[in-house]
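Work through the exercises below with the sequence and the model open. Each task is followed by a solution in steps.

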Amino acid sequence: MPVESTKRIGVLEYEITTSGHDLITDVPQKLGGNNAGPSPHDYLETALAACTAITLQTYANRKDIPLTSSEIKIRIVREGTANQMLREIKLFGELTEEQRNSLFAVAEKCPILKFLERGAKIESHLLRVRPPADPGLWI
């Protein structure tokens, strides 16, 4: 689903609307923000964690594997010419070793993981906006 809008609501704080949900993003005070919400990096890590958990649970439900929950921890460990993330997975439930291994293999099929591993060409366009009649309306 596309991000439908962003709206500045603080120094570096923005409200983001996607799929009918409003999210807040900001950065820590040491970076000039107010820490009013998760940072963009937090959302990137959250996307991978959520996708992994949902992928695991969907597979477990379909295969009648007694996965009661999972705990996924994601951390960006390196940024630059070679980016790296660490993903730690804990599985809960009365699982056999075969089921644990099967679930771990399925975690590698998480769509967000595949997207990140393949990388993305990002095409950006600068769009023109007409200024409001009253310049006081600009934030």
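**Exercise 1: a salt bridge between two strands**

At 30% relative accessibility, Glu71 counts as partly exposed, a class that lies between buried (under 20% relative accessible area) and exposed (over 50%), with a 1.4 Å probe and protein chains only. The model is predicted: local features need pLDDT of at least 70, side-chain atom pairs count only at pLDDT 80 or more, and totals for chains, interfaces and linings use all residues. Residues are numbered from 1 along each chain as its sequence is written, and side-chain values use heavy atoms, leaving out hydrogens and water.

Task: find which residue forms a salt bridge with Glu71 at 3.7 Å, and state where the two partners lie.

Solution.
1. A salt bridge requires a side-chain nitrogen of Lys or Arg within 4 Å of a carboxyl oxygen of Asp or Glu.
2. Lys90 meets this with Glu71, their closest N and O atoms being 3.7 Å apart.
3. Lys90 is in strand β5 (residues 84-92) and Glu71 in strand β4 (residues 69-78), so the pair, 19 residues apart, links distant parts of the chain; strands are DSSP runs of E with at least two residues, helices runs of H or I with at least four, both numbered from the N terminus.
4. Lys90 is partly exposed, because its relative accessibility is 46%.

**Exercise 2: a pair within one helix**

Task: explain why Glu97 and Arg100 are about one helical turn apart, and classify their exposure.

Solution.
1. The two side chains meet in a salt bridge at 4.0 Å, N to O.
2. Both residues belong to helix α2 and are 3 residues apart, which means a separation of about one helical turn.
3. Glu97 has a relative accessible area of 52% and is therefore exposed.
4. Arg100, at 36%, counts as partly exposed.
5. Elsewhere, salt bridges that share partners join Glu71, Lys73 and Lys90 into one network.

**Exercise 3: the surroundings of Thr18**

Task: decide whether Thr18 is buried or exposed, and list what Thr18 touches.

Solution.
1. Thr18 lies in strand β2 (residues 14-18).
2. Its relative accessibility is 17%, so Thr18 counts as buried.
3. Leaving aside residues up to four places away in sequence, Thr18 touches Met1, Pro2, Val3, Glu4 and Leu23, where contact means heavy atoms within 4.5 Å.
4. The Thr18 side chain also reaches the backbone oxygen of Pro2 at 3.2 Å.

Key: A polar contact is a pair of N or O atoms within 3.5 Å; within protein, one must be able to donate a hydrogen and the other to accept it, and residues adjacent in sequence count only if both atoms are side-chain atoms.
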